[in-house]
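Student: Could you take me slowly through one part of this model, the nonpolar patch on the surface, and then show me how the rest of the chain is built around it?

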Amino acid sequence: MVVKRRFGVKGLLLACLFSLIGVLLHAAPSLAASSANIPLDSPVYLYLEKLAGFGLITSDVKGLKPFSKAEAARLMLEAETNLESGATGAPAFARELIDRTRELLPREVSLQKVSAHRPPVIDYNPMASLRMRYVYLDGVPRDYVRPVHDPGNDGVFGIGSGLRPATPNNIVSQVGSEGTPLSENNDGVTYHQGNNGELRWAAEGYVSDKAALLIEPMLLASDTGTAAQLNRGYLKIGGGALELELGKDENWLGFGYRNEITLTNNAQNLTMAKLSSPEPFRVGWLSWLGDLKYALIFSRLDRTVTDGQERQPWFYAVKLSSKPIDNLEVGLNLARMQGGPGVNNSLTDWVHGLVGGTSSDNSKANAGLEARYRIPWLRNTELYGEFSGCDAASFWPIVESYVAGFFIPRLTDEGRDDFRFEFFQGNQILYTSGTFPEGFLYKGLPLGDSQGGATQDFFTRYSHWFSTRNNLALEFFYTNRGMVGRVPGQAIERVYAGRTFWTLPVHGDVDAQVEYGIEKISNFNLVDGAERTNQLFKLELRYRY
């Protein structure tokens, strides 16, 4: 028997909504230059992260991505100003990072550096970026569909009990798929066994500094055939503290590098309307919150039919980030699927659902609190974590999932070596829903963490920078399913995986990246004794990516 639940995290959601209302009513009316967004796997994010590690950037808000090009240019100029002041004692490598970032953002840097400069009324770049990729896959993806034991009787932060009824015999269904082994968080792209080719090409257009247009088609080829689709394509109006984006784009809400609970680019990009602040700002009566950034995303998920009943829920996500001091960032995350065919869609239920659920159970939400702290005296090492619940009991969020990690940007004084550790634990009913059997999926893949619910993941990454465009990275991760929510007849699935990435310049603005990954899986798909080895090889060429 599946227990009905009242979904949502009342306190967190109310605080987030009221803060956003205040933001929209009182934010400064002036708008910065409109600009396209930077792809989530662009090296620009690594450059800015390194510059922050050198103490050259303190105004970065990392819990809401993608960054706009204007925001990246602002951060780069902050780093340059601090470097030229000589106050931080940053190594020579920092100058290389600044110069390369500047090369990739010429329009946005010029608009911010020269206040008297006005951009042309109509401007365009038919070849803003290009990425060609060859992938050879010898592997089979894991299937996340499985029964999971949900005992109920939850406490808060693992303490106490009874906030949800005890249900010792309750079984729920986890859903979804891995998509492609060793290739998570890739805009929902699924590679097939054998040879695969991928081409992404982006064109940009601008109306003065008021509007930006981007189109990024994608061509996929494999032994099973060839397909073309729009990977990203949107119109953006405004900038600074207030921007409207309409179209299809990536999103990442949180601090995680591999793991994140609420919303990532693991699934195919959503077609959406998004109201956000691409650059941080302050509101007078909320000045104690420091710099703020926010996003309100509205979309719709897949249409499904279960037992003859149609379901196609609406989807919305809310994010509010705050930096009360330079070294601390906190955030509130919410993602919710609600309404649509086959459930109660009255205005009363929708309004009640905004603050914690309805008795008609027409919604499913994940909401949580996150924090990131930078330790200046420890070479700007960052500690970060997220606590998220997908149910509520009175005020308290329950049915808990976690992300926690640390990032050491300078293992040595020169700053050419860095290290990251990250942990994820997904609750046994994370991403599941009795009302919407597809759960938090889009096109078959989880909208949040790539590893799905009822799982644990440990991730490490070490990288060495020979130069700005010559980087070697080593990753290792261990994932298990069955430690959480296992039912009789299931074995504990264990995945041991390693990947190597080598990025290096080729010619002009063209870089190459070579990747090799291998993983050993015991008890594949929780079947006792089933063994599997997956391998992936990737060769990639990037132009101004």
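Tutor: In this predicted model, a nonpolar patch on the surface is formed by Leu213, Ile215, Leu230, Leu235, Ile237, Leu244 and Leu246, which together have about 540 Å² of accessible area. Three strands, β6 (211-222), β7 (225-239) and β8 (242-249), each supply at least two residues of this patch, and β7 gives the most, with three residues. As you look along these strands, it helps to remember that in a regular strand the side chains alternate between the two faces of the sheet.

Take Leu213 as an example, a residue whose place is in strand β6. Its relative accessibility is 40%, and because buried means under 20% and exposed means over 50%, Leu213 counts as partly exposed.

A contrast to this patch is offered by helix α2, residues 44-53, which is mostly covered, with nine of its 10 residues buried. Among the buried residues of α2 are Val44, Tyr45, Leu48 and Leu51, and also Glu49 and Lys50. Just after α2 comes Gly55, which takes a positive phi of about 80°.

Another part to follow is a run of strands further along the chain. Strand β23 (residues 470-481) pairs with strand β24 (residues 493-507) in the antiparallel sense, over 11 bridges, and one place to find this pairing is Leu472, whose bridge partner in β24 is Trp502. Strand β24 is also joined by 13 bridges to strand β25 (residues 510-522), and these two run antiparallel; here Gly498 stands opposite Ile518 in β25. Between β24 and β25 there are two residues, so that the strands form a hairpin, and Gly508 in the turn has a positive phi of about 55°.

Finally, step back to the whole chain, which contains six helices and 26 strands. Its radius of gyration is 23 Å, close to the 24 Å that the globule rule gives for 545 residues, so the chain is as compact as a globular protein of that length. The C-alpha atoms fill a box of roughly 65 × 55 × 50 Å along the principal axes, and 60% of the 545 residues count as buried. Of the contacts in the chain with a separation of 6 or more, 66% are accounted for by residues 24 or more positions apart. The chain exposes about 20700 Å², of which carbon and sulfur atoms supply 62%.

Methods: Residues are numbered from 1 along each chain as its sequence is written. This is a predicted model: local features need pLDDT of at least 70, side-chain atom pairs count only at pLDDT 80 or more; totals for chains, interfaces and linings use all residues. Side-chain values use heavy atoms; hydrogens and water are left out. Two strands pair if DSSP finds at least two bridges between them. Helices (H or I, at least four residues) and strands (E, at least two) are DSSP runs, numbered from the N terminus. Buried means under 20% relative accessible area, exposed over 50%, partly exposed in between (1.4 Å probe, protein chains only). Patches are made of residues with over 30% relative accessible area and no salt bridge: like charges are joined within 9 Å, nonpolar side chains (Val, Leu, Ile, Met, Phe, Trp, Tyr) within 5 Å. Accessible areas come from the Shrake-Rupley method with a 1.4 Å probe; for residues, only the protein chains shown count as cover. A salt bridge is a side-chain nitrogen of Lys or Arg within 4 Å of a carboxyl oxygen of Asp or Glu. The radius of gyration is taken over C-alpha atoms; the globule rule is 2.2 Å times the number of residues to the power 0.38. Contact means heavy atoms within 4.5 Å.
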